[in-house]
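This report covers one protein chain. Start with the sequence and the model, then read on for the local details.

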Amino acid sequence: MQSFSFKSNLNENENVEKLIKERNRKIARQQVIFAIILLIIIGLLVWYLFRKTIYTEFDGFMHTEYKDYRAVEDIYLFDQYTEEGDIVVPGDTLYSYTYINMFGSGNGGSQPDIFIKNRDLRLQRDNAYNEANVLKVRIAELEAQIQREDNNIRFGMTDNSHKMDLERQLAVAKAELTATLNRAYRLGSIHNENNTVIAGAAQYGIDFSNEQWGLDHALRQLYESNAPIIRYAVAQDTAIVTKIWAPSFSRVFKKEHILQLEELSFEKSNVQVIAWVPTQDMGKINNNTRAEIIVNDDVSFMASVQLLGARTEDLPEELRNNLSHTYTAVMVVFAPDRDQVLPLWAVVDRVPVRVRIKNYENGYRGDGSDYWYIDNDGLTDISKHFLGLIRERSKGRYRYDPNKNTESPVQDPPAKTEGKKSPESPVLEKKTDTLPDSVPQNDTTSSKLAYHLHTIKDGETLYGLSQQYKVSINKILDLNPDIDKRFKKGAKVKIPVLN
């Protein structure tokens, strides 16, 4: 009988175990990679939600105004002294030119316009001096009549009314004389300047009425001879030449462009940031908001709201999406803060930017200064108050009489406190019967009035306090002149007590 033996395949078992271990390690690696990717996605999502919670961003662009040099009349341009990219400083010559219409249109046998205009100027100047002589005689007669009226008044023969009428006529006559003499002087100056041009043309033997000569050729001859017809355009501020339209030795007609400059200053070039703000996001931005303007990863600067709601515009095509309910946005204007340095390329017209504001530090005060409020009669009382503060801080930009007492900008009639007790007990220092409509800032009377000491709670506004205590906003402002700086939760506000 043949014997039977069983042989285990140890090598195959070992291979199977290796395959299982390798598969487990591979699955473990895949799980780790998947976990890392998931963590990255969750982290990015958390970061996105965090950024959306802390910041709000709007799309916008830079706005810069350029100074365009245009021909005020038909001119012949001689030399362009600058090229695109040149920086000019005050006093640099930009180009030289002369007026074409001084020499007529070049019709054969016709007299140049400069001679016709010169005769008209001489006649107008002489007429002005004749009018001045007539006014001088009129003034002498009025002065004599006023002197006679003085004698009549002294002896009681007449009253003062006729004399006052004569003095009024005298003042009008003197003003007309001054204006007439100034007009005659200006006409005489232009006449003398034209005489210089005519003399220069005669000196160089140029006949501008000769059609065969050619106006361009004649003007070139005068230019090469340095004739006195040449005028020069001079730079007024430091600027960079951004565009040149007209070449040298060419005709430029009235209102056509010659060259363009961008002044190298935030203020002179009126640098602004214009942002598209959807209407549903207008609650996140107000008059007191400051924003970070991001040009790219390396360039950013700070700006403040200058005009909230300049106009509305359609969103550009690239900013629209299928989830938008409206394609119209409010345009908000930001002004760059002072004392900042930026590269020139970042502040040229139409550079795209992002406007970033902090949701919890957007400048919101809740005291009425956040927006301009209007009603049927114009600005509301609270807006009038803040308008007065702005005008007080900017006296140099408004008409202001320093000898006049500065009063509170809002004049409200005294309010009555009927049918409702004050929420808090009043602190009585000195009882008065009435509260003046306005108290000058340098007056100490306000410290002696009866008032409530109110602690501001979250969400309260100045208008709400005036309604709660039945006191006009103006009365509260009289007792709290610095309320716009400290109107926040927990601050103390004095509320006057009216009898």
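## Overall picture

The protein exposes about 31900 Å². Carbon and sulfur atoms supply 52% of that area. The model is a predicted one. It contains eight helices and 19 strands. The chain has 499 residues, and 34% of them count as buried. Contacts reach far along the sequence: of those between residues at least 6 apart, 72% join residues at least 24 apart.

## Salt bridges

How many salt bridges does the count come to? The count comes to 16 salt bridges. Three pairs are set out below.

| Pair | Closest N and O atoms |
|---|---|
| Arginine 25 and glutamate 22 | 2.7 Å |
| Glutamate 167 and lysine 163 | 4.0 Å |
| Arginine 290 and aspartate 337 | 2.3 Å |

Take the pair of arginine 25 and glutamate 22. These two residues sit three residues apart in helix 1, so about one helical turn separates them. Arginine 25 is partly exposed, with a relative accessible area of 44%. Glutamate 22 is also partly exposed, at 39%.

Helix 3 covers residues 161-203 and holds both glutamate 167 and lysine 163. They are four residues apart, about one turn of the helix. Buried or partly exposed: which word fits lysine 163? Lysine 163 counts as buried, because its relative accessibility is 17% and the cut-off for buried is under 20%. Its partner, glutamate 167, is partly exposed at 37%.

The salt bridge between arginine 290 and aspartate 337 has its closest N and O atoms 2.3 Å apart. Arginine 290 lies in strand 11 (residues 290-294), while aspartate 337 lies in the loop between strand 13 (328-336) and strand 14 (352-358), so the pair ties together parts that are 47 residues apart in sequence. Arginine 290 is partly exposed, with a relative accessible area of 43%. Aspartate 337 is buried, at 16%.

Salt bridges also form a network. Glu57, Glu292, Arg354 and Arg356 are linked in it.

## Helices 1 and 5

Helix 1 runs over residues 10-54 and includes isoleucine 36. That isoleucine is partly exposed, with a relative accessible area of 46%. Together with Val32, Ile40 and Leu44, Ile36 makes a nonpolar surface patch of about 380 Å². Isoleucine 36 can belong to such a patch because its relative accessible area is 46% and patch residues need over 30%.

Helix 5 spans residues 381-393. What length should its 13 residues span at 1.5 Å a residue? The expected span is 18 Å, because the rise is multiplied by one less than the number of residues. The end C-alpha atoms are 19 Å apart, which agrees. The buried residues of helix 5 are Ile382, Ser383, His385, Phe386, Gly388 and Leu389.

## Around strand 8

Strand 8 covers residues 250-252 and contains serine 250. Serine 250 is buried, with a relative accessible area of 14%. A polar atom of its side chain lies 2.7 Å from the backbone oxygen of proline 247. Which residues does serine 250 contact once its neighbours within four places in sequence are left aside? They are Ile75, Tyr76 and Leu77.

Phenylalanine 249 belongs to the loop between strand 7 (239-244) and strand 8. Its phi is near 55°, a positive value in a residue other than glycine. Phenylalanine 249 is partly exposed, with a relative accessible area of 26%.

## Another positive phi

Lysine 470 also has a positive phi, near 60°, and is a residue other than glycine. Where is lysine 470 placed? Lysine 470 sits in the loop between helix 6 (462-469) and helix 7 (473-479). Its relative accessible area is 41%, so lysine 470 is partly exposed.

Conventions
Residues numbered from 1 in each chain as written. Predicted model: local features only at pLDDT ≥ 70, side-chain atom pairs only at ≥ 80, totals over all residues. Heavy atoms only, no water. Buried < 20%, exposed > 50% of the residue type's maximum accessible area, 1.4 Å probe, protein only. Polar contact = N/O pair within 3.5 Å; in protein donor to acceptor, adjacent residues only side chain to side chain. Contact = heavy atoms within 4.5 Å. Patch = residues over 30% accessible without salt bridge, like charges linked within 9 Å, V, L, I, M, F, W, Y side chains within 5 Å. Areas by Shrake-Rupley, 256 points an atom, 1.4 Å probe, with all protein chains shown as cover. Salt bridge = Lys/Arg side-chain N within 4 Å of Asp/Glu carboxyl O.
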